[in-house]
Amino acid sequence: MLELRFTKQKRTIKAEKGETIRETAIRNKLSIYPHIFKLLNCRGRGLCHSCAIKVVSGDTEPKNEIENQQLAGKLKENPELRLACQVKVLNNMTVETHV
Ligand code: FES
């Protein structure tokens, strides 16, 4: 089991290697979505970019094509942005949601 720490929520939860950050958060009843996007999101299909996070620490795979497309307008300002529904947990990580 790996550990996934959420800085804003001040919570550390257990994660299965290979599941996404979104899947881990949902399984642990931790919301990663801001405001109305708790209800109105694409359910992890990479279409809405409401699950944007910042990876504070931990290794990840490179951004995939979905992330590059969905975050294209924001990556110049914040190149560390990722989509929680696309990033797999590969090791212990710390992330910041609602960015
Ligand atoms: S949940 Fe919509 S892009 Fe991640």
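In the predicted model, His35 counts as exposed because 9 C-beta neighbours lie inside 10 Å, a number within the limit of 12 or fewer that defines exposure. This residue is found in the loop between α1 and β3, and although His35 is not a glycine, its phi is positive, at about 50°. Most residues other than glycine have a negative phi. Lys29 likewise lies in the loop between α1 and β3, where its phi is near 55°, a positive value in a residue other than glycine. Lys29 has 7 C-beta neighbours inside 10 Å and therefore counts as exposed. A positive phi of about 55° is also found at Lys10, which belongs to the turn of the hairpin formed by β1 and β2.

The overall fold provides the setting for these positions. The secondary structure of the protein comes to 2 helices and 5 strands, arranged along the sequence in the pattern β-β-α-β-α-β-β. The radius of gyration is 12 Å, which agrees with the value near 13 Å that would apply to a compact globule because the protein has 99 residues. Taken along the principal axes, the box filled by the C-alpha atoms is roughly 35 × 30 × 20 Å. Buried residues account for 25% of the 99 residues. Of the contacts between residues at least 6 apart in sequence, 62% join residues at least 24 apart.

The 5 strands form an open sheet of mixed pairing, in which the order is β2-β1-β5-β3-β4. The edge strands of this sheet are β2 and β4, the latter covering residues 81–83, and each of the two pairs on one side only. From one strand to the next, the twist averages 40°. Strands of a sheet pair through backbone hydrogen bonds, either parallel or antiparallel.

Strand β1, residues 2–6, runs antiparallel to strand β2, residues 11–15, and 5 bridges join the two. Within this pairing, Glu3 has Lys14 of β2 as its bridge partner, and the hairpin that β1 and β2 form leaves 4 residues between them. The pairing of β1 with strand β5, residues 93–96, is parallel and contains 3 bridges, with Phe6 matched to Val95 of β5 as its bridge partner. Strand β3, residues 52–57, is joined to β5 by 3 bridges as well, but these two strands run antiparallel; here Val55 stands opposite Val95.

Val95 thus appears in the pairing with Phe6 and in the pairing with Val55. Beyond its neighbours within four places in sequence, Val95 is in contact with Leu4, Phe6, Ile21, Ile53, Lys54, Val55 and Val56. In the largest nonpolar core, which has 16 residues, Val95 is one of the members that touch the most others, together with Leu4, Ile21, Cys51, Ile53, Leu83 and Ala84. Two or more residues of this core are supplied by each of β1, α1 (21–27), β3 and β5. In soluble globular proteins, nonpolar side chains tend to be buried together.

Technical notes. Residues are numbered from 1 along each chain as its sequence is written. This is a predicted model: local features need pLDDT of at least 70, side-chain atom pairs count only at pLDDT 80 or more; totals for chains, interfaces and linings use all residues. The radius of gyration is taken over C-alpha atoms; the globule rule is 2.2 Å times the number of residues to the power 0.38. A residue is buried if 20 or more other C-beta atoms lie within 10 Å of its own, exposed if 12 or fewer, and partly exposed in between; C-beta atoms are placed from the backbone. Two residues are in contact if their C-beta atoms, placed from the backbone, lie within 7 Å. Two strands pair if DSSP finds at least two bridges between them. Axes are lines fitted to C-alpha atoms, for helices over the stretch in contact, and angles run from 0 to 180 degrees between N-to-C directions. A nonpolar core is a set of buried Ala, Val, Leu, Ile, Met, Phe, Trp, Tyr and Cys residues joined through C-beta atoms within 7 Å.
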